[in-house]
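Work through the exercises below with the sequence and the 3D structure at hand. Try each task before reading its solution.

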Amino acid sequence: MDKERSQTNISELGEFGLIERITSQVQIKNKSTIKGIGDDAAILDYGEKMVVVSSDLLTEGVHFNLMYVPLKHLGYKAVVVNLSDICAMNAIPKQIVVNIAISSKFSVEAVDELYSGIHLACEKYGVDLVGGDTTSSLTGMTISITVLGEAFKDEIVYRNGAKPNDLLCVTGDLGGAYMGLQLLERENEVFKVNEYMQPQLEGFHYILERQLKPEARVDIVSAFKKLGIKPTSMIDISDGLSSEIHHLCKNSNVGCNVYEDKIVMDYQTRVMAEELNINPLVAALNGGEDYELLFTVSMNDYDKIKNDPDFTIIGHITEASEGLNLITTGGSSIRLEAQGWNHGK
Ligand code: ADP
Ligand code: MG
């Protein structure tokens, strides 16, 4: 052991700092690698269509708590979070590869449950399970899924194409998955104190579903094609809106103005936030796991999206020098902080 050399705590770098450090050594050697690290998925050129690849890893105790996440839901969600990254490239997911590590506390029936969720997601999204690996673990369960998708080269949308004056848009509503998680955690705490207490979940079906059974917006990729829209940039909202806006603006070298009153939240999200004394805006900006899409389109496409209920224009892109600003309901402008999940999400 080299006692002289000091060790750096990973939390000092954060998740993104760590990824940058790991990947700073990478040099692309193959012409077929069109895009490597740094977007929602990698883009590989193998002929007429591009192959779009992404991977995600979920660890018990960090990403999921089996006290309140049914294994079937876990399997479903593990697939969906991967499909979402393919959608974020404006591509269509086609195959998945599933790797699992499981400890002896899991029965065959438990693995069946997990895979029933994986199969259900494959069925719903028309995706084939084409392989994987299975191994034992000393500490609970880990699931890693890799997804492959396809798109024509000129259809692919990266994080780096946003231009000043583009409209900044999102799909769906935000903050629901986070408030669903807060509700599940509250009820789990109650259960730990008294196991005869029934969980109080009535009236919050939507936010529970947002947390336990999210969907990937493959429908939006189709909608873009139908409307004849190609976003100038896109990313999926896995770590919270503000964090994704930061990624998008940093990659595109632009700034933005985002309007607080345009950020869509469901009624249940607001009610639960109030019950738990959380500002719903914080849930929407920093909560994460909504798996909606954040994208920019040219002003010329305004007419195509303005009346479409799938899309909400939440702001516009500016020059980088103007920074990232949140225009509050009261009309004042504040800096948009990037406070997504750090390590572990
Ligand atoms: P997302 O949130 O969209 O899943 P991430 O923030 O996890 O994306 O990853 C950002 C980029 O860094 C992606 O291109 C991903 O492939 C890459 N990446 C993440 N972790 C690693 C790693 N350990 N080694 C190599 N590349 C990585
Ligand atoms: Mg992503």
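The exercises that follow concern a predicted model.

**Exercise 1.** Find which protein atoms are donors of the magnesium ion (ligand 2), and how they are spaced along the chain.

Solution.
- Step 1. Look around the ion for side-chain oxygens: Asp40, Asp85 and Asp236 each donate through OD. These donors lie 2.0 to 2.1 Å from the magnesium ion.
- Step 2. Read their positions in the sequence: the spacing is D-x44-D-x150-D.
- Step 3. Place two of the donors in the fold. Asp40 sits in the loop between strand E1 (33-35) and strand E2 (42-45), while Asp85 belongs to helix H2 (residues 71-87), so this pair ties together parts that are 45 residues apart in sequence.

**Exercise 2.** Are Asp40 and Asp85 buried or exposed?

Solution.
- Step 1. Apply the cut-off: a residue counts as buried under 20% relative accessible area.
- Step 2. Both Asp40 and Asp85 are buried.
- Step 3. For the chain as a whole, buried residues make up 48% of the 345 residues.

**Exercise 3.** Decide how compact the chain is for its length.

Solution.
- Step 1. Count the elements: the chain has 10 helices and 13 strands.
- Step 2. Compare the radius of gyration, 21 Å, with the 20 Å that the globule rule gives for 345 residues; the two are close, so the chain is as compact as a globular protein of that length.
- Step 3. Check the extents: the C-alpha trace spans about 55 × 55 × 50 Å along its principal axes.
- Step 4. Turn to contacts with a separation of 6 or more: residues 24 or more positions apart account for 83% of them.

Key. Residues numbered from 1 in each chain as written. Chains lettered and ligands numbered in written order. Predicted model: local features only at pLDDT ≥ 70, side-chain atom pairs only at ≥ 80, totals over all residues. Heavy atoms only, no water. Donors = N, O, S within 2.8 Å, 3.2 Å for Na, K, Ca; no water. Helix = DSSP H or I, 4+ residues; strand = E, 2+ residues; numbered from the N terminus. Buried < 20%, exposed > 50% of the residue type's maximum accessible area, 1.4 Å probe, protein only. Rg over C-alpha atoms; globule rule 2.2 N^0.38 Å. Contact = heavy atoms within 4.5 Å.
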